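Hello,

Here is the structure I promised to hand over. Please open it alongside this email, as my notes follow below.

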Amino acid sequence: MNEENTQLNIKEEVIKKIESGDIQMKSKKYFVLKLILLATLIFLIFSVSTFLLSYILFGLSSGGHFIFLRFGFKGFYHFVLTLPWLMLILNVLLVLLLDRLLKSFRFGYKSPVLYLFIGTFIFVTLFSSLLNLTSFHGALGKRADERRLPNIGNKVYSGIRSPKSLPGSYRGVVVSISMNTFEMSQGSSSIKVIALPNLDLNEHLKVGDIVFVAGEIIDNQIKAYGIKKLNTGLDRPKSRF
């Protein structure tokens, strides 16, 4: 009985506020339009987040950074250092914003914040991985090579291609090979790279290849514990050894 009285009192208060103008009635079209705008915004944020994460994964793969994960804790440490943290943080913020918008729906409102974040992030990661199975980024990379993208697009994809050194890793062009050593050019300078003993690099590399080298500089030489030949057309990574 008390519950019925409570509901009746709430209904009467709402009616009084409507009559006094404190609450304005909204038409059905208003709610439909609001729902469409909300769904569109969710779709756009989800698309941007998916593209950004797929670009990050593509950049790490094309740059050869996943090779670090093959070399234990030391490799994992260097892999963490090479991650594009600003883009990752931006992507997390996008996912949090997406979760905030999903809270407007019944299924999102009833879901715990942590579960909603994990679920959203899994979906973004899944779609990003599926996108990387296509030639999407490779095609954009080739268009960037031909300068057929807007300036920002050319800069974004040229950033993946340009040889650059990161903590514990080095990128450059092979200029000469001798058994288990080779000379690597890095712009105007070059450095000698020593690979594993008894490894004939002529079977894996050729002059002109772009390579990723994981190792340490000792006596002005790189003692490598991992080498990966990179593609030049932003297709799929080539051999690793």
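Start with two helices. α4 and α6 cross in a right-handed sense. This is a predicted model, so keep that in mind throughout. Helix α4 covers residues 85-102, and helix α6 covers residues 113-132. They pack at an angle of about 120 degrees. Their axes lie 10 Å apart. An angle over 115 degrees but not over 145 counts as oblique, and α4 and α6 are therefore oblique to each other.

Both helices supply residues to the contact. From α4 come Asn91, Val92, Val95, Leu96, Leu98, Asp99 and Leu102. From α6 come Leu116, Phe117, Thr120, Phe121 and Val124.

Next, helix α3, which spans residues 72-82. Which of its residues are buried? They are Gly75, His78, Phe79 and Thr82. Around the helix axis these residues cover an arc of only 105 degrees, so they sit on the same side of α3.

Now the strands. Five of them close into a barrel. Follow the order β1-β2-β3-β5-β4 to go round. The pairing is mixed. On average, neighbouring strands of this sheet are turned by 50 degrees against each other, direction ignored.

One pair is worth tracing by eye. Strand β1 takes in residues 169-178, and strand β2 takes in residues 181-186. The two run antiparallel. Five bridges join them. To find a bridge, go to valine 173: its partner in β2 is serine 185.

Best wishes

How values were computed. Residues are numbered from 1 along each chain as its sequence is written. This is a predicted model: local features need pLDDT of at least 70, side-chain atom pairs count only at pLDDT 80 or more; totals for chains, interfaces and linings use all residues. Side-chain values use heavy atoms; hydrogens and water are left out. Two strands pair if DSSP finds at least two bridges between them. Helices (H or I, at least four residues) and strands (E, at least two) are DSSP runs, numbered from the N terminus. Axes are lines fitted to C-alpha atoms, for helices over the stretch in contact, and angles run from 0 to 180 degrees between N-to-C directions. Buried means under 20% relative accessible area, exposed over 50%, partly exposed in between (1.4 Å probe, protein chains only). The arc is that of the directions from the helix axis to the C-beta atoms. Angles under 35 degrees count as roughly parallel, over 145 as roughly antiparallel, 65 to 115 as roughly perpendicular and the rest as oblique. A crossing is left-handed if the near helix is turned anticlockwise from the far one by less than a right angle, and right-handed if clockwise. Contact means heavy atoms within 4.5 Å.
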